[in-house]
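Here are my notes on the model you sent round. The points run from the whole chain down to single residues.

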Amino acid sequence: MDTVIKVKNLSVEFKTESGTFTAVENINFDLKRKKTLAIVGESGSGKSVTSLAIMRLLAQNGRITNGQVFLGDKELISMPEKKMQEEILGKEISMIFQEPMTALNPILRVGDQIMEGLRAHTKMPKEKAYEISLEILKKVGISSPEKRIKQYPHQLSGGMRQRVMIAMALVLKPKVMIADEPTTALDVTIEAQILRLLDDLKKELDTSILFITHDLNVVADIADDVIVMYCGQVIEKGNVVDIFENTKHPYTKGLISAMPKLDSDGGELMTIPGNVPSINKRPSGCYFHTRCSECMDICKTKAPEDTDINGHMVKCHLYNMKGDNSNA
């Protein structure tokens with residue numbers, strides 16, 4: 001299976017008034033060709049920071065302190081900024097943001113916003129760019145595209161604005177599309193339509209998707225592979241079936257137990273006690289031990305190592321001690 005993006009030992013830190021703290025810590029993963037890799041975790045787990053680091057779009061107080069990101073044979077972290085902007089961003093890697101109303105320019109027509117990136121990277125005539133923009137709007141399922149292309153974002157529904165964002169991300173047929181919580185602001189019916197659209201376009205346009213979400217129901221619908229993050233670390237990683245049917249880490253088990261189920265009796269949902277520690281208050285040892293029902297003494301003082309169990313990675317002392325014990 002071809003690897004489109006390889007992330008190796010990536011670390012990110014942020015400088016704050018209270019000091020400098022690590023937000024993402026030595027993470028590793030591969031995004032495979034024509035596959036969807038979901039990064040899942042609660043707010044504060046490092047999901048969005050990871051995606052922004054890959055694109056080198058971190059805020060001014062953030063910086064990559066270690067690691068490499070390969071797009072094929074191109075290493076992105078060391079690439080000159082001008083080359084990154086001209087050859088990679090938008091052209092090879094694109095991004096769909098969480099809230100299109102804030103991501104779209106309110107004073108530019110939809111067509112102008114799609115054409116802007118197209119013309120910047122290809123220098124094609126405006127007439128040709130207009131034709132391609134109209135075609136991509138049709139492809140993402142925008143009704144009356146000839147009318148919508150001349151409208152402003154506020155004249156569109158939330159679902160249509162998200163489709164416009166997808167059109168902008170895909171107009172140059174990038175190798176990778178990063179989708180950061182793209183359905184959070186949508187109702188469940190529109191969410192299902194957008195997820196189905198992304199999956200269809202992935203296959204049609206030969207692209208790969210890095211999907212950022214906190215919603216495991218979405219992960220089950222769209223992902224081929226999953227990484228679970230907590231406090232800036234990858235704590236579990238595997239294919240989507242294995243993650244759901246052979247769950248290892250207590251945190252992942254807690255997330256799955258908290259998922260609403262259609263066949264439930266309407267009783268109270270299970271929850272994970274406590275909250276994700278802030279970046280400047282992470283505990284010693286295993287970062288999850290303060291919330292973990294299976295916490296042992298070693299968890300409070302020693303950080304767990306990655307353990308590989310038949311291609312399924314877990315960072316937990318339960319498996320560090322027991323080795324390849326898949327029934328742990």
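1. Long-range packing. This is a predicted model. In the protein chain, 63% of the contacts with a separation of 6 or more are between residues 24 or more positions apart.

2. Secondary structure and overall size. The protein chain holds 12 helices and 12 strands. Its radius of gyration is 21 Å, and the globule rule gives 20 Å for 328 residues, so the chain is as compact as a globular protein of that length. The C-alpha trace spans about 65 × 50 × 45 Å along its principal axes.

3. Burial and surface. Buried residues make up 48% of the 328 in the protein chain. The accessible surface is about 16,000 Å² in total, and carbon and sulfur atoms supply 47% of it.

4. Charges. The protein chain carries 42 positive and 43 negative charges. The mean positions of these two sets are 5 Å apart.

5. Lys173. This residue has a positive phi of about 50°, although it is not a glycine. Lys173 sits in the loop that runs between helix H7 (158-170) and strand S7 (176-180). Its relative accessibility is 59%, so Lys173 counts as exposed.

6. Asn310. Here too a residue other than glycine has a positive phi, with a value near 55°. Asn310 belongs to the loop between strand S11 (306-309) and strand S12 (312-315). Is Asn310 buried or exposed? Asn310 counts as exposed, because its relative accessibility is 75% and the cut-off for exposed is over 50%.

7. Thr207. The loop between helix H8 (188-205) and strand S8 (208-213) contains Thr207. Thr207 has a relative accessible area of 0% and is therefore buried. Which residues does Thr207 touch, not counting residues up to four places away in sequence? With that exclusion, its contacts are Lys34, Lys35, Leu170, Pro174, Lys175, Val176, Met177, Leu201 and Lys202. One of these, Leu170, is the last residue in the range given for helix H7 (158-170). Another, Val176, is where the range of strand S7 (176-180) begins.

8. Cysteines. How many disulfides are there? The count is 0. For Cys231, which is in no disulfide, the nearest cysteine sulfur is that of Cys286, 8.8 Å away. Cys231 is buried, at 0% relative accessibility. Cys299 is likewise in no disulfide, and its nearest cysteine sulfur, that of Cys295, is 4.7 Å away. A disulfide needs the two sulfur atoms within 2.5 Å, so the 4.7 Å between Cys299 and Cys295 does not qualify. Cys299 counts as buried because its relative accessibility is 9%, and buried means under 20%.

9. Phe97. This residue is in the loop between strand S6 (93-96) and helix H3 (100-103). At 34% relative accessibility, Phe97 counts as partly exposed. Leaving out residues up to four places away in sequence, Phe97 touches Ala103, Gln162, Met165, Asp180 and Pro182. Among them, Gln162 and Met165 fall within the range of helix H7 (158-170), and Asp180 is the end of the range of strand S7 (176-180). Phe97 and Glu191 are 94 residues apart along the chain, and their C-alpha atoms are separated by 14 Å.

Technical notes:
Residues are numbered from 1 along each chain as its sequence is written. This is a predicted model: local features need pLDDT of at least 70, side-chain atom pairs count only at pLDDT 80 or more; totals for chains, interfaces and linings use all residues. Side-chain values use heavy atoms; hydrogens and water are left out. Helices (H or I, at least four residues) and strands (E, at least two) are DSSP runs, numbered from the N terminus. The radius of gyration is taken over C-alpha atoms; the globule rule is 2.2 Å times the number of residues to the power 0.38. Buried means under 20% relative accessible area, exposed over 50%, partly exposed in between (1.4 Å probe, protein chains only). Contact means heavy atoms within 4.5 Å. Accessible areas come from the Shrake-Rupley method with a 1.4 Å probe; for residues, only the protein chains shown count as cover. Lys and Arg count as positive and Asp and Glu as negative; His and the chain ends are not counted. The place of a charge is taken as NZ of Lys, CZ of Arg, CG of Asp or CD of Glu.
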